[in-house]
Amino acid sequence: MDTLQLTTEIRALRQMSVGELRARYAEVFGEKNRSRNKDYLVRRIAWRIQADTSGGISERARLRAQELANEADLRVCHTERKTLAQRPAQQTVTEALRAPYSPARDPRLPPPGTVLTREFKGQTISVLVEHDSFRWNGQQFKSLSAIAREVTGKSWNGFIFFKCAQQS
């Protein structure tokens, strides 16, 4: 995509309705957004389109973000690890579980194979942590927040919903 096409596409975002922007957001990011703030949606979508066009975030920016994350006081989620025999029958062992633990992962995440459990309105929510995703109810999710949103119907910080932040 050349600069003129990029500029035209970003300008077209301003002409879209909030509903169209939300659909475009889902298309660009691969997940729904609950925001109805038009300016926010336009900025986020424009940023993503520009980032995708230019090849994403620079290596320098990635390294700086990693440095900042390493320096921040982060809470670590400690959860009870269950063996395969203790897991419910419907859960399967994936290749992701066999992958070695990578230090490049978000340090707030528990190690792959951990089962996070939360009671919510009489329902037990058990989430299997995989190498780069989470599995709940036979579905794969990119984040704990996505699972919390699916369970509650509202936006939640996944670490807070699964009470990871309270255990550090």
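Is Thr114 buried or exposed? In this predicted model, Thr114 is buried, because its relative accessible area of 1% falls under the 20% limit for that class.

**View 1. Thr114 and its polar contact with Pro111.** Thr114 belongs to the loop that runs between α5 (95-98) and β1. A polar atom of the Thr114 side chain lies 2.7 Å from the backbone oxygen of Pro111, and Thr114 itself has a relative accessible area of 1%.

**View 2. The antiparallel pair formed by strands β1 and β2.** Strand β1, residues 115-120, and strand β2, residues 123-129, run antiparallel and are joined by six bridges. Within this pairing, Thr117 is the residue that stands opposite Ser126 in β2. Two residues lie between the strands of the hairpin, in which Lys121 adopts a positive phi near 50°.

**View 3. Helix α3 and the residues at its two ends.** At the N-terminal end of α3, Asn37 acts as a cap, with a side-chain oxygen 3.1 Å from the backbone nitrogen of Asp39. Just after the helix, Gly55 takes a positive phi of about 95°. For the 16 residues of α3 (residues 38-53), a rise of 1.5 Å a residue gives an expected span of 22 Å, and this agrees with the model because the end C-alpha atoms are 22 Å apart.

**View 4. The buried residues of α3 and what covers them.** Leu41, Val42, Ile45, Ala46, Ile49 and Ala51 are buried in α3. The elements that cover the buried residues of this helix include α1 (3-15) and α2 (18-29).

Terms used
Residues are numbered from 1 along each chain as its sequence is written. This is a predicted model: local features need pLDDT of at least 70, side-chain atom pairs count only at pLDDT 80 or more; totals for chains, interfaces and linings use all residues. Side-chain values use heavy atoms; hydrogens and water are left out. Two strands pair if DSSP finds at least two bridges between them. Helices (H or I, at least four residues) and strands (E, at least two) are DSSP runs, numbered from the N terminus. Buried means under 20% relative accessible area, exposed over 50%, partly exposed in between (1.4 Å probe, protein chains only). A polar contact is a pair of N or O atoms within 3.5 Å; within protein, one must be able to donate a hydrogen and the other to accept it, and residues adjacent in sequence count only if both atoms are side-chain atoms. The expected span of a helix is 1.5 Å times one less than its number of residues. Contact means heavy atoms within 4.5 Å.
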